[in-house]
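Trainee: I have a few quick questions on this one. Can we go through it together?
Mentor: Sure, fire away.

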Amino acid sequence: MNNSYIENLRTALTVSPENMPLRKMFATALLTEGVTNEAEIEFKKILQATPTDLDSKLGLTKAFFANGKLSEAEIIAEELIAAEQSSADMYLLIAQIALKKDNPHRAFEFYNTAISIDKSLIDNSLADAINDQLVKQGLAKPISTISETDELDSIFTDIEKPKIKFADVGGMSIVKEEIALKVIHPIKNPQIYAAFGKKIGGGVLLYGPPGCGKTMLARATAGEISANFINVGINDVLDMWIGGSEKNLHDIFQTARASTPSVLFFDEVDALGANRSDLRNTNGRFVINQFLDELDGVRYSNDGILILAATNTPWYLDPAFRRPGRFDRIIFVAPPDFNARVEVFKIHLKSVPTEGIEIEDLAKLTDTFSGADIKAIVDIAVESKLPQSLKLGRVVPVTQFDLKQAIKNHRSTTKEWFATAKNYALYANHGGLYDDILKYLKIKN
Ligand SMILES: Nc1ncnc2c1ncn2[C@@H]1O[C@H](COP(=O)(O)OP(=O)(O)O)[C@@H](O)[C@H]1O
Ligand SMILES: [Mg+2]
């Protein structure tokens, strides 16, 4: 494009001044060539004739911006965004305006939105400028202080190699089978899965009442395949520094990628997308987007990583998590049934000196109790024997009576959860998402 192109258009317009498509080409050419004052005039003329022309609104906004009319530019840009007529470059423009107006936080948000829509808009000098202002206002750490290596070390020294296996988790035979089928077999026999054209990947989400062994099972999954276990709590991710949470998430995934085979476990994963109002979480959307990006393994491969997540409140989970290839396998972890409770009692009584115990009796008395409830009962019974043991100077075994006593004084902790869950299962059961809850409650077969 050159000036003769502009001059030709100018001449053509004197012949047919009402030709708006032609005038639009002219105005756009002016804008591109940096003749922004004239571009502004031309776009205004077009909008007088065709007030809803979107391209011209965008053009005028850019011209305003170029001519230093920041507020005018901002008003139209926001109008376009509010009317959902916007494009990524409008977000970028607002980011640039916000930066000029000394509001780096807003600049950061809009810049992120722009590049999450259109990656080609990534602009390192703009990002640096935003970051510089954030640092000046005490809202971000200087880049130089967050070198890759020390950040990786500081977040995750806690890669575990769990010793517990499936056998150490009572009951849950169906859940264990599903995990074996859906994640362990594919990771152990990738060639077979490839031969059947099955794609490996995506994560498994465990949900259910608290204390029923979700975390324990995730750990045991790693133990079962001798993989590294990385337990990510929400506090490992969320960072008060702008952009810090996204970086933490990326580092966490990189750690898992550097230590395959690994089980990457996100506990209370719903909190990643929860609505919050404090500053660090106004960026919740970005954190979720980063999480989905990492999960999708677009830029880096997630081969050899098994991604598990758990939540007690699946209804707060961002629906984007459930798309194919992400957490498309969602498993209900119910309170242990009778046989499972027998197993859980056995597991927790294994190293306890006992006398005359009838485990099946105990299991009958603990309907709806969680695994954690059962563990608490054993702990209470053991403690009740301590004073006596100390006095006599020898271990006094726990009896059936002690355990029954403890059961009597303990309330099942899962009931409250079901009271809430039932409502979601009945009234927000999208696509049968919570059918397992209804089945457990015998509301549905
Ligand atoms: N199925 C189970 N078998 C043995 N112990 C269990 C089981 N479920 C829960 N527990 C006990 O309860 C504790 C808490 O369980 P956890 O896995 O943290 O539950 P959740 O993650 O579902 O809230 C465990 O550390 C374990 O001691
Ligand atoms: Mg847990």
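Trainee: What volume does the largest cavity have?
Mentor: About 40 Å³. A cavity is a set of points on a 1 Å grid over the protein atoms alone where a 1.4 Å probe fits but cannot get out. Volume is the space filled by probe spheres set on the points, which are joined across faces, edges and corners. This is a predicted model: local features need pLDDT of at least 70, side-chain atom pairs count only at pLDDT 80 or more, and totals for chains, interfaces and linings use all residues. Residues are numbered from 1 along each chain as written, and side-chain values use heavy atoms, with hydrogens and water left out.

Trainee: How many cavities of 30 Å³ or more turn up?
Mentor: Three, in a search of the whole structure.

Trainee: Which residues line the largest cavity?
Mentor: Val-232, Gly-233, Ile-234, Val-237, Phe-266, Asp-267, Glu-268, Val-269 and Leu-272. Lining means an atom within 4 Å of a point. By class, six are nonpolar, one polar and two charged. Here Ala, Val, Leu, Ile, Met, Phe, Trp, Tyr, Cys and Pro count as nonpolar, Asp, Glu, Lys and Arg as charged, and the others, Gly among them, as polar.

Trainee: Pockets next. What is the volume of the second largest one?
Mentor: About 1100 Å³. A pocket is an open set with protein on both sides within 12 Å along at least five of seven lines. The second largest pocket has 47 lining residues, and the closest to its centre are Met-172, Val-333, Ala-334, Pro-335 and Pro-336.

Trainee: Which helix gives the most to that lining?
Mentor: H16, with six residues. Helices are DSSP runs of H or I, at least four residues, and strands are runs of E, at least two, numbered from the N terminus. Among the other elements that each supply at least two residues are helix H10 (173-188) and strand S5 (305-311). By class, the pocket lining has 21 nonpolar, 13 polar and 13 charged residues.

Trainee: On to ligand 1. Which residues are closest?
Mentor: Gly-170, Gly-211, Lys-214, Thr-215 and His-348, out of 15 that surround ligand 1. The cut-off is a heavy atom within 4 Å.

Trainee: What does the side chain of His-348 do there?
Mentor: An N or O atom in that side chain is 2.9 Å from a nitrogen atom of ligand 1. A polar backbone atom of Gly-213 is 3.1 Å from an oxygen atom of ligand 1. The protein buries 81% of the 550 Å² that ligand 1 exposes when taken alone. Areas are Shrake-Rupley, with a 1.4 Å probe.

Trainee: Last one. Is the bond from Thr-260 to Pro-261 cis or trans?
Mentor: Cis, with omega near -5°. Pro-261 sits in the loop between helix H14 (244-257) and strand S4 (262-266).

Methods. Chains are lettered from A and ligands numbered from 1 in the order in which they are written. A polar contact is a pair of N or O atoms within 3.5 Å; within protein, one must be able to donate a hydrogen and the other to accept it, and residues adjacent in sequence count only if both atoms are side-chain atoms.
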